[in-house]
Amino acid sequence: MTDDESERAPDAERNRDAADDHDPRPAADEPVPDPADDAADDHQFSAGQGFGEPEGFDLDPPELSVDPSEVDPVDSRAVADLLDERQLGAGDVDAEELVDVGLNYLRINRYEQATETLERAARFADDESTEQEAWVNKGAAHAELEEYDEAIGAHQEALRIDDRSEHAASAETNLASALWEAGRSEQALEHAERAVEIDARFPQAWFNRGFFLLERGLASEALDAFDNAIRLGFRNAEVIEEKARALEETGEDEKAEELAAEARELREEAEEELVRDRQRA
């Protein structure tokens, strides 16, 4: 491995719904769902159970009956203020639409607005699935802000609602990442294991499991987990780097060097694509 490798971190994701993508995003469900870019730098959330490409983003969705003349279009708090519980009743809000608004805030890196919007979505939701989805993505937004205690609380609330649902694997995966960031590594592995048990076809869960196993020095078991993640379509620079590190730990230096070179190429390609996207914007 080279000196210029990024600081390692487990992956998390944004969750949209199980049919979209299941990154494993999270990111991140993204989240978080990479589906994942480099989790070490960006904590991609969502590919997980989905977080596909949104159809569009409008600060004034028709369901909210917002008068554009009364809202400054650059006021980042407009949606959250208009949705205060003291002003609207549950029947006045489409919670699923509000989750979409929160996901779009996540997509444009406006994480504080995302946490506010998704909390309101959870409170206005009249079904457990929408409420749970809102909590999962609120946790992902807090993780992006490095508010790990709040992220842990949001994911725990999601699991309190239903710990075997379509969103549960994403909640467990993101909870594992937040626990690890908060220094609670033993609990992190436990939740990574639960995520795999809930959904054995969730690649981000396998990646996190491999990451935590490798951190404990269990390189052979970690390799199996990384291979499962890759077979399920989760192949990016970070996954390849971690697999290379595991190979190095098991004495397979030649294979490790080959994968390290591949990881550098993938990272360079991702950086070039980011530059092109910014030029097009």
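In this predicted model, Glu 273 has a relative accessibility of 33% and therefore counts as partly exposed. Glu 273 pairs with Arg 276 in a salt bridge whose closest N and O atoms lie 2.6 Å apart, and a search of the whole structure finds 13 salt bridges. The points below take up the charged pairs of helix α12, a pair that links helices α8 and α9, a negative surface patch, and the largest nonpolar core.

**Salt bridges in helix α12**

- Glu 273 and Arg 276 are three residues apart in helix α12, so about one helical turn separates them.
- Arg 276, with a relative accessibility of 37%, counts as partly exposed.
- A salt bridge also forms between Asp 277 and Arg 280, where the closest N and O atoms are 2.3 Å apart.
- Because Asp 277 and Arg 280 are three residues apart in helix α12, the separation between them is about one helical turn.
- Asp 277 is partly exposed at a relative accessible area of 34%, whereas Arg 280, at 57%, is exposed.
- Glu 273, Arg 276, Asp 277 and Arg 280 are joined into one network by salt bridges that share partners.

**Negative patch**

- Glu 265, Glu 268, Glu 269, Glu 271 and Glu 272 form a negative patch on the surface.
- Glu 272 is placed in helix α12, which covers residues 253–280, and its relative accessibility of 46% makes Glu 272 count as partly exposed.

**A link between helices α8 and α9**

- Arg 209 and Glu 193 meet through their side chains in a salt bridge, with an N to O distance of 2.8 Å.
- This pair connects distant parts of the chain, since Arg 209 belongs to helix α9 and Glu 193 to helix α8 (residues 185–198), with their positions 16 residues apart in the sense of being 16 residues apart.
- Arg 209 is buried, at a relative accessible area of 16%, while Glu 193 is partly exposed, at 24%.
- Trp 206 is likewise placed in helix α9, which covers residues 203–215, and with 14% relative accessibility Trp 206 counts as buried.
- From C-alpha to C-alpha, Trp 206 and Leu 232 are 9.3 Å apart in space, although 26 residues apart in sequence.

**Nonpolar core**

- The largest nonpolar core holds 62 residues, of which Leu 106 and Phe 212 touch the most other members.
- Helix α7 (residues 168–181) supplies the largest share of this core, namely eight residues.

How values were computed:
Residues are numbered from 1 along each chain as its sequence is written. This is a predicted model: local features need pLDDT of at least 70, side-chain atom pairs count only at pLDDT 80 or more; totals for chains, interfaces and linings use all residues. Side-chain values use heavy atoms; hydrogens and water are left out. A nonpolar core is a set of buried Ala, Val, Leu, Ile, Met, Phe, Trp, Tyr and Cys residues joined through side-chain atoms within 4.5 Å. Buried means under 20% relative accessible area, exposed over 50%, partly exposed in between (1.4 Å probe, protein chains only). Helices (H or I, at least four residues) and strands (E, at least two) are DSSP runs, numbered from the N terminus. Patches are made of residues with over 30% relative accessible area and no salt bridge: like charges are joined within 9 Å, nonpolar side chains (Val, Leu, Ile, Met, Phe, Trp, Tyr) within 5 Å. Accessible areas come from the Shrake-Rupley method with a 1.4 Å probe; for residues, only the protein chains shown count as cover. A salt bridge is a side-chain nitrogen of Lys or Arg within 4 Å of a carboxyl oxygen of Asp or Glu. Lys and Arg count as positive and Asp and Glu as negative; His and the chain ends are not counted. The place of a charge is taken as NZ of Lys, CZ of Arg, CG of Asp or CD of Glu.
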